[in-house]
Amino acid sequence: MNNIQKTLLIIGTISFIILLMISIASGKFIMFQYNVFPLSPNPYYEWAINWKSFIPFLITLASAMGFFLFKDK
């Protein structure tokens, strides 16, 4: 394991832990549903992105890809 992989492993692990902490604390993972018209008798639900958990998710994914791309040959 080279230095780049070690760095990416640390960054990916920390961002994954942050992702779990934010998702558990807010009760919303990357996508969630919300009611657009809360006072309407016929609720209309849409999907939205929870950016607070989406950013660490992208960092975790990029770190995992970099970990495998920078392996020693």
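**Exercise 1. Find S63 in this predicted model and work out whether S63 is buried or exposed.**

*Solution.* Start with the address: S63 sits in helix 2. Next, look at the accessibility, which comes to 6% in relative terms. The cut-off for buried is under 20%, so S63 counts as buried. Now ask what S63 touches beyond its neighbours within four places in sequence: the contacts are L8, I11 and G12. Two of these, L8 and G12, are on the list of buried residues of helix 1.

**Exercise 2. Check the span of helix 2 against the expected value, then list its buried residues and say what covers them.**

*Solution.* Helix 2 runs over residues 51–69. With 19 residues at 1.5 Å a residue, the helix should span 27 Å, and its end C-alpha atoms are indeed 27 Å apart, so the two values agree. The buried residues are S53, F54, P56, T60, S63, G66 and F67. As for the cover, helix 1 and strand 2 are both part of it.

**Exercise 3. Do the same for helix 1, and look at what comes just after it.**

*Solution.* Helix 1 takes in residues 3–26, which makes 24 residues. From first C-alpha to last it reaches 35 Å, close to the expected 34 Å. Its buried residues are Q5, L8, G12, S15, L19 and S23, and helix 2 is among the elements that cover them. Put that beside the previous exercise, where helix 1 was part of the cover for helix 2: the covering goes both ways. Just past the end of helix 1, check the backbone at G27, where phi is positive, at about 75°.

**Exercise 4. Compare two residues of helix 1, L19 and I17: which class of accessibility does each fall into?**

*Solution.* Both residues belong to helix 1, L19 and I17 alike. Take L19 to begin with: its relative accessible area is 3%, so L19 is buried. Leaving out residues up to four places away in sequence, L19 touches F29, S53, P56 and F57. Of these, S53 and P56 also appear among the buried residues of helix 2. I17, on the other hand, has 44% relative accessible area and is therefore partly exposed.

Now for some distances. L19 and N42 are 23 residues apart along the chain, and their C-alpha atoms are separated by 34 Å. For I17 and T7, 10 residues apart along the chain, the C-alpha separation is 16 Å.

**Exercise 5. Place F32, then find out which residues it touches.**

*Solution.* F32 is part of strand 1, residues 31–35. At 17% relative accessible area, F32 is buried. Setting aside residues up to four places away in sequence, the contacts of F32 are E46, W47, A48, I49 and N50. Strand 2 covers 45–49, and W47 is one of its residues. To put a number on one of these pairs, take I49: 17 residues separate F32 and I49 in sequence, yet their C-alpha atoms are 6.6 Å apart.

**Exercise 6. Trace the nonpolar surface patch: which residues form it, and which element supplies the largest share?**

*Solution.* The members are I11, M31, W47, I49, W51, I55 and I59, and together they have about 690 Å² of accessible area. Strand 2 and helix 2 each give at least two residues, with helix 2 supplying the largest share, 3 residues. Zoom in on W47 in strand 2: its relative accessibility is 56%, so W47 counts as exposed. Remember that W47 is also among the contacts of buried F32.

**Exercise 7. Count the aromatic pairs and describe the one between F67 and F68.**

*Solution.* Counting ring centres within 6.5 Å, there are 5 aromatic pairs. F67 and F68 make one that is edge-to-face, with 5.5 Å between centres and 85° between planes. The partners are not alike in accessibility: F67 is on the buried list of helix 2, while F68, at 57% relative accessibility, counts as exposed. Elsewhere, ring pairs join W51, F54 and F57 into a cluster. W51 also belongs to the nonpolar patch, F54 is one of the buried residues of helix 2, and F57 is a contact of L19.

Terms used:
Residues are numbered from 1 along each chain as its sequence is written. This is a predicted model: local features need pLDDT of at least 70, side-chain atom pairs count only at pLDDT 80 or more; totals for chains, interfaces and linings use all residues. Side-chain values use heavy atoms; hydrogens and water are left out. Patches are made of residues with over 30% relative accessible area and no salt bridge: like charges are joined within 9 Å, nonpolar side chains (Val, Leu, Ile, Met, Phe, Trp, Tyr) within 5 Å. Accessible areas come from the Shrake-Rupley method with a 1.4 Å probe; for residues, only the protein chains shown count as cover. A salt bridge is a side-chain nitrogen of Lys or Arg within 4 Å of a carboxyl oxygen of Asp or Glu. Helices (H or I, at least four residues) and strands (E, at least two) are DSSP runs, numbered from the N terminus. Buried means under 20% relative accessible area, exposed over 50%, partly exposed in between (1.4 Å probe, protein chains only). Contact means heavy atoms within 4.5 Å. The expected span of a helix is 1.5 Å times one less than its number of residues. Rings of Phe, Tyr and Trp (its six-membered ring) pair if their centres lie within 6.5 Å; planes under 30 degrees apart count as stacked, over 60 as edge-to-face and the rest as tilted.
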